[in-house]
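I opened this notebook to record, step by step, what I looked up in the structure and what I found there.

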Amino acid sequence: MEDFEFDCWSCWETNVLQGRPKGFWTTTHYEVPSEWDCWSCGASNTTPDDY
């Protein structure tokens, strides 16, 4: 697993999401949740398309 940091659009607090490898053979492509809630303010966020 790899940690990815994203900023909340509402409060700009940093959120850490864990990404899982897309396959057992790769360490460069990860799946992260497409939507997540900020731990600080609870706002719903979306992950940028480049992840």
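Entry 1, a single bridge. I began with one residue pair in the sheet, where Phe 6 stands opposite Asn 15 in β2. I keep in mind throughout that the model is a predicted one.

Entry 2, the strands around that pair. I then looked up the two strands themselves, and found that β1, residues 2-7, pairs with β2, residues 14-21, in the antiparallel sense over six bridges. The hairpin that these strands form has six residues between them.

Entry 3, the other side of β2. I noted next that strand β3, residues 30-31, is joined to β2 by two bridges, and that these strands run antiparallel. I looked up both partners in β3: Tyr 30 is the bridge partner of Pro 21, while Glu 31 is the bridge partner of Arg 20.

Entry 4, the sheet as a whole. In what order do the three strands of the open sheet lie? I read the order as β1-β2-β3, with antiparallel pairing. The edge strands are β1 and β3, each of which pairs on one side only. As a reminder to myself, strands of a sheet pair through backbone hydrogen bonds, in either a parallel or an antiparallel way.

Entry 5, a backbone angle. I went back to the loop between β1 and β2, where Trp 12 lies, and checked its phi, which is positive at about 65° although Trp 12 is not a glycine. I wrote this down because most residues other than glycine have a negative phi. I also asked whether Trp 12 is buried or exposed. With a relative accessibility of 61%, Trp 12 counts as exposed, since the cut-off for that class is over 50%.

Entry 6, the cysteines. How many disulfides does the structure hold? I found zero disulfides. Cys 11 is in no disulfide, and the nearest cysteine sulfur, which belongs to Cys 38, is 3.7 Å away. For Cys 41 I looked up the closest cysteine sulfur and found it in Cys 8, at 3.7 Å, which is too far for a bond, because a disulfide needs the two sulfur atoms within 2.5 Å.

Entry 7, accessibility of these cysteines. I closed by looking up how open two of the cysteines are: Cys 11 has a relative accessibility of 30% and so counts as partly exposed, and Cys 41, at 39% relative accessibility, also counts as partly exposed.

Conventions:
Residues numbered from 1 in each chain as written. Predicted model: local features only at pLDDT ≥ 70, side-chain atom pairs only at ≥ 80, totals over all residues. Heavy atoms only, no water. Buried < 20%, exposed > 50% of the residue type's maximum accessible area, 1.4 Å probe, protein only. Pairing = 2+ DSSP bridges.
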